[in-house]
Amino acid sequence: MQGCLTIDLGAVVANWRLLGARHAGAVAAVVKADAYGLGAAAVGRALRDAGCGTFFVAQLEEGMALREALGPGPAIAVLNGFARGKDGRAGLLPVLNSLGDVAAHAGRDAILHVDTGMARLGLEAREVVRLLDDPGLLAGVRLRWVMTHLACAETPAHALNAVQRERFAGLTQRVARGVPRSLANSSGMFLGVDFASDLARPGAALYGLNPTPARSNPMRPSVTLAAPILQVREVAAGDSVGYGAAWIARVPSRIATVAAGYADGYLRHLAGAGVVGSLLGRPVPLVGRISMDLITFDVTGVSAAHPGAMLTLLGGAAPSADALAAAAGTIGYEVLTALGRRYRRDYLPA
Ligand SMILES: *Cc1c(COP(=O)(O)O)cnc(C)c1O
């Protein structure tokens, strides 16, 4: 018996449309890391059919697999770049992150990434100066877009947001005049109209994570995770449950053992953080440590608890990915991308 991830492609498409309605320019879809764990092929096809024409992945191999899934139409850009010719016939767009990349991809379509405050990838200021001194360096490349990436978009009050926007405006005006611009990620799209560009690059918000952490979530949730109960047992007051005897029953209790664990991305830090699951709409507290393949819930008084019943762990009446992340001291992005390979994936059609 295995757990089941239900992925609502209709919600993903609705989220993409909602973002499109609030953005003056076009909206791409970031589907790196297998669409944040939801499945890049299925998500990509649903968004392509809804009219999305540009996709971003992180790695060459992801891009080639996505081309296979989507066919020849949409643009597929590879954020980490790739060596010249490595994409074979997949027709991928390299993101040029350095002067070396610019030189290597002369003669083909590409995206230029200028760094404005992330110091991770993209041309540094001194490299941009080289491009200005020697415009011939860029002459061979057909720039489809010029992009930058915001470091603090989920913190609207952070001063770096406006600094990056201004640096980007200045640099693109000088090195890539007239080239369409790509600025905001999910949270960047909620910073106001000044952060609009020709192409926004949301990922997280498409999948229902909250792009405005200080406010209520404007996006539709797209994932639920349920896993089957393997056993239900009675424990006496004073009995311990699980590794380290970390949880001790204060009263006689019924404990349900569920088939999911940290090997499936149910983060070990969730133990002891007050997390609940949902069994037929009844909240059931997580108890004891998280094992590799198993977790335990206190189902005392819940008559529906029996082997084979599905207990909801994430989404629906259970906590959202963002809520689980907060309990585990991480971000929803990590909860989604950690979702394991052992779950069955069911897709609700768009
Ligand atoms: C991952 C990524 C995005 C998408 O970010 P979200 O916060 O998920 O919307 C956009 N641009 C770049 C360069 C990225 O690496």
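I take a residue as buried when its relative accessible area is under 20%, and since the model I am reading is a predicted one, every value in these entries is a computed one.

**Cysteines.** I looked up Cys152 with that cut-off in hand: its relative accessible area is 12%, which is under 20%, so Cys152 is buried. I then turned to Cys52, which at 3% relative accessibility also counts as buried. For disulfides, where I required a pair of cysteine sulfur atoms within 2.5 Å, the count came to zero.

**Ligand site.** I asked which pocket holds the ligand, and found that the ligand sits in the largest pocket. Around the ligand I listed 14 residues, of which the closest are Lys32, Tyr36, Ser186, Ala204 and Tyr333. Sorting this shell by class, I noted seven nonpolar, four polar and three charged residues.

**Polar contacts.** I went through the ligand oxygens next, and recorded an oxygen atom 2.5 Å from an N or O atom in the side chain of Ser186, as well as an oxygen atom 2.7 Å from an N or O atom in the side chain of Lys32. At Ala204 the partner belongs to the backbone, where a polar atom is 2.8 Å from an oxygen atom of the ligand. Finally, I checked how much of the ligand is covered: on its own it has 390 Å² of accessible area, and the protein covers 93% of that.

Definitions and conventions:
Residues are numbered from 1 along each chain as its sequence is written. This is a predicted model: local features need pLDDT of at least 70, side-chain atom pairs count only at pLDDT 80 or more; totals for chains, interfaces and linings use all residues. Side-chain values use heavy atoms; hydrogens and water are left out. A residue is near a molecule or strand if one of its heavy atoms lies within 4 Å of it. A polar contact is a pair of N or O atoms within 3.5 Å; within protein, one must be able to donate a hydrogen and the other to accept it, and residues adjacent in sequence count only if both atoms are side-chain atoms. Accessible areas come from the Shrake-Rupley method with a 1.4 Å probe; for residues, only the protein chains shown count as cover. On a 1 Å grid over the protein atoms alone, a cavity is a set of points where a 1.4 Å probe fits but cannot get out, and a pocket is an open set with protein on both sides within 12 Å along at least five of seven lines; lining residues have an atom within 4 Å of a point. A molecule sits in a cavity or pocket if more than half of its atoms lie within 2 Å of its grid points. Ala, Val, Leu, Ile, Met, Phe, Trp, Tyr, Cys and Pro count as nonpolar, Asp, Glu, Lys and Arg as charged, and the others, Gly among them, as polar. Buried means under 20% relative accessible area, exposed over 50%, partly exposed in between (1.4 Å probe, protein chains only).
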